[in-house]
Amino acid sequence: MNLPEILKSYHIQPDLWDELLSNEGVRTGYKNVVETIEKLSFEELSSKDELAKKLFMAQGITFTVYSDNEGVEKIFPFDIIPRIIENAEWQIIESGIRQRLKALNIFLKDVYHQQFIIKDGLVPASLIYSCPLFLREMVNVDVPFDIYSHISGIDLIRDLDGQFFVLEDNLRTPSGVSYMLENRSITTRIFPNLIPQNNVKPVKEYPTLLLKNLLALANKQHSNPTVVLLTPGVYNSAYFEHSTLARLMGIELVEGRDLVVENHHVFMKTTKGLQKVDVIYRRVDDEFIDPLTFRPDSILGVPGLYWAYRKGNVTIVNAMGNGVADDKAVYAYVPEMIRYYLNEEPILKNVPTYDLSVPENRSFVFANMSNMVIKKTNESGGYGMLIGNKATEQEMNEFKTAILEDPRNFIAQPIINLSSSPCYIDGKLQPRRVDLRPFALYGPDGIDIVAGGLTRVALKEGSLVVNSSQGGGSKDTWVLSK
Amino acid sequence: MLSRVAESVFWMARYMERTNGLLRVLRTNYVASQDEMKKYNWTTVLETFGCLSDSDIGKIQNDSRLVLKRVMLDKDNESSLINNITRARENAKSIQDNITKEMWHHLNSYYHLIRDPYISEMILNEDPITAMDALIKHSLFLYGTIEITMPRGEANNFLNLGRFLERAIITMEATEIMLKEINYEINLESSIPPLRYLLYSLSGYEAYLRNSKGVAEASSIMNQIIFDENFAHSVMYCITHINRYFRRMKTASTSESFEKVEFNIGKALNNLKYVNIDLSQGSNIHQLLITTRTDFYQIAQSLSTNYFGY
């Protein structure tokens with residue numbers, strides 16, 4: 001294989017899919033990019049890397065880590081080499097996500113209303129009722145247009161043969177979309193002209209599509225509905241995203257203390273008195289959203305909001321109670337849901353998942369623990385996870401004890417070798433593991449998926465954990481036009 | 001506009017203006033300290049901006065670098081420059097959707113500048129004027145950015161209310177510092193240099209020279225600082241602009257709130273406009289500053305109750 005000079009030190013592993021290189025050489029989608037960076041010296045690449053960091057810092061695209069009463073500004077690590085997805089691959093992803101979301105939304109409506117899927121024996125009732133994110137408060141609540149998951153982030157990975165699998169569904173308050181937008185804007189700065197030369201599909205329409213859906217969800221009797229974005233506040237690690245989205249959509253960014261419920265209607269406190277709110281895009285989790293119904297010690301939410309919602313006086317996006325559909329144990333049943341509700345074969349496959357409340361599964365997993373990833377069903381961010389081939393004997397025993405105490409709280413999956421993608425690290429291109437989170441918007445007019453998403457990358461060599469809280473970073477994600 | 005957002009805009013502007021004013025006061029005092037034959041005494045500056053006990057002031061009052069460290073860089077000092085900038089940024093961060101992106105970027109880079117090791121090195125070991133000039137320049141860029149990019153809506157009105165309210169307070173504080181240092185005896189020959197430094201710190205020295213044909217006279221200096229409607233740092237200029245920007249908010253207010261704040265602004269404006277005062281007496285000026293400052297605090301209080309109360 002005749003490789004360009006810049007790739008001479010790029011060593012990929014034989015047992016995994018690399019986004020850039022195949023056995024035949026550089027993949028078609030990457031050829032232009034390789035040609036461009038080949039012309040650059042390592043000093044030039046390093047200065048681009050430096051420029052990207054400075055731009056993130058100067059533009060305040062940071063999160064604050066507070067220690068000793070002092071805030072330290074950090075940037076979410078960004079790798080300058082884009083991740084490229086061919087158009088044909090994207091078509092599969094898009095139709096797969098569309099299919100999956102349709103099924104998951106019907107599931108949510110079903111599980112909070114007639115529960116046909118339980119009655120027909122496809123999903124065990126015990127699985128649903130033991131899920132801490134199943135909200136009894138949502139039973140028989142009708143949501144506008146029967147849409148529950150208006151904004152979703154579906155995490156995808158690639159297996160050895162390049163096929164995409166769904167790793168998890170994020171149907172509650174998925175974050176990362178602002179990094180999709182900012183990563184693109186930084187790439188245009190550090191690689192001028194490269195995006196138009198490569199015919200890359202734009203991502204900038206995301207806020208417009210989101211606002212269109214939010215407005216469409218308001219009560220039709222209002223000609224000029226008020227839409228707000230509810231944030232937990234400036235100390236939340238995703239605050240940058242909340243303020244960016246509010247600014248790009250031109251809507252008010254509110255905190256719980258800015259809202260008040262009177263006579264089951266929601267108002268915001270303005271300098272001109274109370275103003276009625278019609279749609280709330282909330283970035284506050286269910287349990288904190290209304291202290292009168294959920295956690296009484298929460299000051300992030302709005303007292304009385306649940307009843308205003310239940311009476312249909314305000315639309316909350318995403319709906320409450322979605323956690324039951326993205327529970328990691330329920331995830332295993334999504335392919336069945338697709339067949340049951342849509343009478344279709346799943347386009348995107350699931351990673352094989354073992355429900356550890358089933359004794360046979362438990363025995364099998366305990367016998368093969370070093371080849372398994374064990375996850376808590378309701379944790380995210382890379383927390384509550386054990387990767388078998390990296391774990392010590394003691395860690396495995398601790399997990400076994402925890403699983404035996406509460407088996408419903410865990411699932412196991414075989415270790416999947418995430419695909420690798422080139423990253424510019426320490427002055428050379430090195431393969432690092434990546435996943436992909438495309439963002440889907442479900443509105444009354446259908447499902448829109450912006451061509452791209454957030455590619456998360458495990459920056460540590462050999463690591464499979466891409467979460468930002470565990471040392472992960474991100475890349476710009478290009479979807480090429482035909 | 002959300003009440004919380006209005007309050008954050010108002011306070012962001014106050015912290016920005018306070019930063020700018022404090023920098024100018026420190027710069028002038030530092031220049032003065034290098035021009036003295038005897039050890040320069042920073043007591044009044046420390047009393048106003050140092051948040052220190054008398055005994056602690058005594059320990060550093062003659063050491064310019066320690067004073068600058070305390071007033072500019074010390075995070076334990078509530079009134080320090082670094083805390084002012086941090087708070088301005090914190091307020092801006094919580095209202096990013098109501099200010100322009102350019103303004104946020106600029107304020108954010110101001111925050112990074114004050115934390116830059118180069119700035120502290122200049123202040124602590126090299127030439128503090130270089131650091132102060134870099135910071136003042138950044139402050140001016142920020143005002144330019146606001147002027148050019150901010151829409152003339154409600155946020156801009158609250159921003160200007162905060163800005164002019166704070167500017168008037170800083171003018172009065174700087175004047176009070178100077179009066180105290182000369183023991184309120186403004187007509188002595190020895191009082192002229194401090195009065196001149198006061199004009200420097202309020203960016204008014206050139207304007208004074210043009211108007212007075214080079215003759216330094218205490219009462220005309222005081223007249224410019226308090227009553228000159230064309231001097232951007234005078235108390236009169238500030239209250240006139242507070243009145244102007246507040247009137248623009250009539251349609252965006254409830255009539256009850258508007259009337260209450262309007263009363264306080266009108267009171268402050270008239271108290272200043274129709275005062276009969278002999279400006280050649282330091283004690284008269286001291287008394288006027290106390291009354292006027294109370295009027296300004298009442299405006300702030302009234303805004304807080306009627307517009308920010310949530």
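This is a short tour of a predicted model with chains A and B.

**Stop 1: the domains of chain A**

Start with chain A. Colour residues 5-75 as domain 1, 205-317 as domain 2 and 353-414 as domain 3. Those bounds come from a domain assignment. Now look at domain 1 and domain 3 of chain A. Their centres, taken over C-alpha atoms, are 33 Å apart.

**Stop 2: a three-stranded sheet**

Stay on chain A and select strands 10, 11 and 12. They form an open sheet in the order 10-11-12, and the pairing is antiparallel. Which strands sit at the edges? Strand 10 (259-262) and strand 12 (273-276) of chain A do, and each of them pairs on one side only. From one strand to the next, the twist averages 40 degrees.

Zoom in on strand 10 and strand 11 (residues 265-270) of chain A. The two run antiparallel and are joined by four bridges. Show A:L259 as sticks. Across from A:L259, in strand 11 of chain A, stands A:M268.

**Stop 3: a four-stranded sheet**

Next, select strands 16, 17, 18 and 19 of chain A. This is an open sheet of four strands, paired antiparallel. Its order is 16-19-17-18. At the edges are strand 16 (354-355) and strand 18 (385-387) of chain A, each with pairing on one side only.

Now pick out strand 17 (residues 372-376) and strand 19 (residues 410-414) of chain A. How many bridges link this antiparallel pair? There are five. To see one facing pair, select A:M372, which stands opposite A:P414 in strand 19 of chain A.

**Stop 4: two backbone details**

Go to A:V317 and A:N318. The peptide bond from A:V317 to A:N318 is cis, with omega near -10 degrees. A:N318 belongs to the loop between strand 14 (315-317) and helix 12 (328-331) of chain A.

Then move to A:Q115. This residue is not a glycine, yet its phi is positive, near 60 degrees. You will find A:Q115 in the loop between helix 3 (87-111) and helix 4 (116-119) of chain A.

**Stop 5: the two domains of chain B**

Switch to chain B. Give residues 1-150, domain 1, one colour and residues 152-310, domain 2, another. The centres of these two domains of chain B, taken over C-alpha atoms, are separated by 20 Å.

How many residues meet between the domains of chain B? Domain 1 has 24 residues in contact with 26 residues of domain 2. On the domain 1 side, helix 1 (3-33) and helix 2 (43-49) of chain B are the elements that give two or more residues. Helix 1 of chain B provides the largest share, 16 residues. By class, that side of domain 1 of chain B has twelve nonpolar, six polar and six charged residues.

**Stop 6: helix 1 against helix 5**

Keep helix 1 of chain B selected and add helix 5 (residues 81-93) of chain B. Their axes come within 8 Å and cross at roughly 155 degrees. Because of that angle, helix 1 of chain B is roughly antiparallel to helix 5 of chain B. The crossing of these two helices of chain B is left-handed.

Show the side chains where they meet. From helix 1 of chain B, the residues include B:W11, B:Y15 and B:L22. From helix 5 of chain B, they include B:L81, B:I85 and B:A88. The contact of helix 1 with helix 5 of chain B has ten nonpolar, four polar and two charged residues.

**Stop 7: helix 6 against helix 8**

Now select helix 6 (101-114) of chain B and helix 8 (residues 128-149) of chain B. The axes of these helices are 9 Å apart, and the packing angle is about 170 degrees. So helix 6 of chain B is roughly antiparallel to helix 8 of chain B.

Among the residues that meet are B:H106, B:L107 and B:Y110 in helix 6 of chain B, with B:H138, B:F141 and B:L142 in helix 8 of chain B. Ten nonpolar, four polar and one charged residues make up the contact of helix 6 with helix 8 of chain B.

**Stop 8: where the chains meet**

Finish with both chains on screen. Here 21 residues of chain B are in contact with 20 residues of chain A. On the chain B side, helix 1, helix 5 and helix 6 each supply at least two residues. Which of chain B's helices gives the most to the side that touches chain A? Helix 6 of chain B does, with five residues. By class, the side of chain B that touches chain A has seven nonpolar, nine polar and five charged residues.

Technical notes. Residues numbered from 1 in each chain as written. Chains lettered and ligands numbered in written order. Predicted model: local features only at pLDDT ≥ 70, side-chain atom pairs only at ≥ 80, totals over all residues. Domains from an automatic or database assignment. Pairing = 2+ DSSP bridges. Axes fitted to C-alpha atoms, helices over the stretch in contact; angles between N-to-C directions. Contact = placed C-beta atoms within 7 Å. Nonpolar A, V, L, I, M, F, W, Y, C, P; charged D, E, K, R; others polar. Parallel < 35°, antiparallel > 145°, perpendicular 65-115°, else oblique. Left-handed = near helix turned anticlockwise from the far one by under 90°.
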